[in-house]
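Please look over the chain shown below and keep its sequence beside the coordinates. The paragraphs that follow lead from a charged cluster to the sheet around it, and from there to the helices.

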Amino acid sequence: MPRLLPLALVLLLATPAIAGDIYTWKDKDGRVQYSDMPPSGVDARSIKTQPSFGGDSDSSWKEKDRAFEERQKARTDAAKKSADEANVAAAQKQRCDEQKARLESFQIGGRLAKMENGQRVIIPDEERLAEIERMKSEIEKNCK
């Protein structure tokens, strides 16, 4: 119970600042006065105030929310772009590895054959050497 007393006191004192109008008027000396209760017999007018507990208006919250959504979208787009780039790089690496393996099989030598019209045809050495040069240039151009 003793712990609740300070909390209740703070809430009680904060209540006028949270809810209530502020009034302004000029006193008999011409000075502007402010109060949460207008005095009787004086032409006091209510002034619009914003709650002291929030600090930010609705428009600033909307702006902050919009900025947050833009940052979140930018992060999502960047992550998607990064994933796409990683997929492209992985596919490129796989193609390069396959080209290098094919080049190696051509460089080993021996008899290489290909299928033409359902028949196995031995690749002549001139054609094999030309294919090796073509594959080397392709690998040099595409696999860095």
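Which residues are linked with Asp27 in a network of salt bridges? Asp27, Asp29 and Arg31 make up that network, where a salt bridge is a side-chain nitrogen of Lys or Arg within 4 Å of a carboxyl oxygen of Asp or Glu. This is a predicted model, in which local features need pLDDT of at least 70 and side-chain atom pairs count only at pLDDT 80 or more, while totals for chains, interfaces and linings use all residues. Residues are numbered from 1 along each chain as its sequence is written, and side-chain values use heavy atoms, with hydrogens and water left out.

Within the network, the side chains of aspartate 27 and arginine 31 meet at 3.6 Å, N to O. Aspartate 27 has a relative accessibility of 21% and therefore counts as partly exposed, given that buried means under 20% relative accessible area, exposed over 50%, and partly exposed in between, computed with a 1.4 Å probe on protein chains only. Side chains of opposite charge can pair when their charged atoms come close, and the structure holds 13 salt bridges.

For the wider setting, the chain has three helices and five strands, which follow one another along the sequence in the pattern α-β-β-β-α-β-β-α; helices (H or I, at least four residues) and strands (E, at least two) are DSSP runs, numbered from the N terminus. Of the 144 residues of the chain, 10% count as buried. Among the contacts in the chain with a separation of 6 or more, 33% come from residues 24 or more positions apart, a contact being heavy atoms within 4.5 Å.

Three of the strands form an open sheet in the order E2-E1-E3, with antiparallel pairing. Strand E2 (32–35) and strand E3 (45–47) stand at the edges, and each has a single partner strand, so one side of each is left without a neighbour in the sheet. From one strand to the next the twist averages 35 degrees, with axes taken as lines fitted to C-alpha atoms, for helices over the stretch in contact, and angles running from 0 to 180 degrees between N-to-C directions. Strand E1 (residues 22–26) runs antiparallel to E2 and is joined to E2 by four bridges, two strands being paired if DSSP finds at least two bridges between them. In this ladder tyrosine 23 stands opposite serine 35 in E2, and lysine 26 stands opposite valine 32 in E2. The hairpin of E1 and E2 has five residues between the strands, and there glycine 30 takes a positive phi near 90 degrees.

Threonine 24 lies in strand E1 and, at 9% relative accessibility, counts as buried. The side chain of threonine 24 reaches the backbone oxygen of glutamine 33 at 3.2 Å. When neighbours within four places in sequence are left aside, threonine 24 is in contact with Val32, Gln33, Tyr34, Asp43, Ala44, Arg45 and Ile47.

After the sheet comes helix H2 (residues 58–108), whose 51 residues should span 75 Å at 1.5 Å a residue, and whose end C-alpha atoms are 75 Å apart, which agrees; the expected span is 1.5 Å times one less than the number of residues. The buried residues of H2 are Cys96, Leu103 and Phe106, and what covers them includes helix H3 (125–142). Glycine 109, which follows H2, has a positive phi near 95 degrees.

Strand E4 (residues 113–116) and strand E5 (residues 119–122) then pair in the antiparallel sense over four bridges. Their hairpin has two residues between the strands, and asparagine 117 takes a positive phi near 55 degrees there. Glutamate 116 stands opposite glutamine 119 in E5 and also forms a salt bridge with lysine 114, the closest N and O atoms being 3.2 Å apart. Both partners are partly exposed, lysine 114 at 28% relative accessibility and glutamate 116 with a relative accessible area of 38%.

In helix H3, finally, how are the side chains of arginine 134 and glutamate 131 joined? They meet in a salt bridge at 2.6 Å, N to O, and, being three residues apart in H3, the two are separated by about one helical turn. An α-helix has 3.6 residues a turn, so residues three or four places apart point the same way. Arginine 134 is partly exposed, with a relative accessible area of 39%, whereas glutamate 131 is buried, with a relative accessible area of 18%.

How values were computed:
Polar contact = N/O pair within 3.5 Å; in protein donor to acceptor, adjacent residues only side chain to side chain.
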